[in-house]
Amino acid sequence: MSQGPLMPKATAVWLVENTSLAFEQIADFCKLHPLEVKGIADGEVAAGIKGLDPITTGQLTRDEIEKAQKAPHYKLKPAVSKVKLPEVKRTTKGPRYTPLSRRQDRPNAILWLLRNHPELKDAQIIRLVGTTKSTIQQIRERTHWNSGSLQPLDPVTLGLTTQINLDFEVQKAAADRPAALAAEGGASLLPTEVSTQREPEPDEDDRRGGRDERLDADSVFAKLKGRHQDEDDDED
């Protein structure tokens with residue numbers, strides 16, 4: 001038996017209260033630690049849990065329990081169910097399921113993703129935290145009903161996704177981003193020969209013109225200075 005019975009702790013509670021099986025036998029059948037079973041017997045573990053009868057649920061037979069009670073090292077064998085349940089096929093379609101206790105943390109996780117990984121697409125955020133496109137849009141535009149109280153929190157720390165899934169989506173978004181940037185800004189880039197071309201040096205006429213302008217300015221200031229000296233001499 002690779003998996004324990006349904007409601008293993010409740011089953012262990014019933015076996016402790018209604019049989020003389022060893023702790024190791026109950027722990028092996030319920031896939032629990034022997035110390036945990038001992039804690040159940042002492043009332044320290046599973047307090048308040050009502051025992052579940054494995055006989056009425058078809059998980060054990062009474063003969064199997066009696067056989068195990070006579071041999072402390074005997075391992076209980078689960079009863080073979082006569083009803084075959086259809087195999088449940090897992091599907092990856094649709095948003096990721098999020099436990100009810102953690103759904104209130106999703107807006108904070110979405111805000112964290114929008115701020116720290118703006119390259120992520122809405123579909124990728126939906127796969128990571130199990131939200132909807134309208135919620136992402138509301139948080140991005142700050143029209144969410146609780147926008148004033150939202151705080152960016154890492155979805156991995158919140159337990160909404162795994163670090164492996166987050167890294168995969170980020171790397172996927174980063175791989176698509178260079179192509180998009182090249183398509184948007186490629187036309188504005190100048191060729192190398194243009195960007196590295198040296199500016200033309202001024203010709204002889206331009207240099208001469210600048211020198212003549214400087215000489216003309218010097219002569220004007222000299223004339224003004226001489227005029228002021230003549231006025232001062234006349235006043236004396």
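A salt bridge is a side-chain nitrogen of Lys or Arg within 4 Å of a carboxyl oxygen of Asp or Glu. The model is predicted: local features need pLDDT of at least 70, side-chain atom pairs count only at pLDDT 80 or more, and totals for chains, interfaces and linings use all residues. Residues are numbered from 1 along each chain as its sequence is written, and side-chain values use heavy atoms, with hydrogens and water left out.

**Exercise 1.** Determine which residue pairs with D42 in a salt bridge, and state where both residues lie.

*Solution.* Step 1: the partner of D42 is K38, with the closest N and O atoms 3.0 Å apart. Step 2: both residues belong to helix α3 (residues 34–42), where they are 4 residues apart, about one turn of the helix; helices are DSSP runs (H or I, at least four residues), numbered from the N terminus. Step 3: relative accessible area is classed as buried under 20%, exposed over 50% and partly exposed in between (1.4 Å probe, protein chains only). D42 is partly exposed because its value is 44%, and K38 is partly exposed at 38%.

**Exercise 2.** Locate the salt bridges of R140 and E169, and classify the burial of the residues that form them.

*Solution.* Step 1: the side chain of R140 meets that of D122 at 3.0 Å, N to O. This pair links distant parts of the chain, with R140 in helix α7 (residues 133–140) and D122 in helix α6 (residues 122–129), 18 residues apart. Step 2: R140 is partly exposed at 39%, whereas D122 is buried at 16%. Step 3: E169 forms a salt bridge with R127, the closest N and O atoms being 3.1 Å apart. E169 lies in helix α9 (residues 163–185) and R127 in helix α6, so the pair ties together parts that are 42 residues apart in sequence. Step 4: E169 is buried because its relative accessible area is 6%, while R127 is partly exposed at 41%. The structure holds 4 salt bridges.

**Exercise 3.** Describe the surroundings of Q25.

*Solution.* Step 1: Q25 is found in helix α2 (residues 23–30) and is buried, as its relative accessible area is 5%. Step 2: its side chain reaches the backbone oxygen of A71 at 2.9 Å and that of P72 at 3.3 Å. Step 3: leaving out residues up to four places away in sequence, Q25 touches A68, A71, P72, H73, Y74 and L76, where contact means heavy atoms within 4.5 Å.

Notes:
Helices (H or I, at least four residues) and strands (E, at least two) are DSSP runs, numbered from the N terminus. A polar contact is a pair of N or O atoms within 3.5 Å; within protein, one must be able to donate a hydrogen and the other to accept it, and residues adjacent in sequence count only if both atoms are side-chain atoms.
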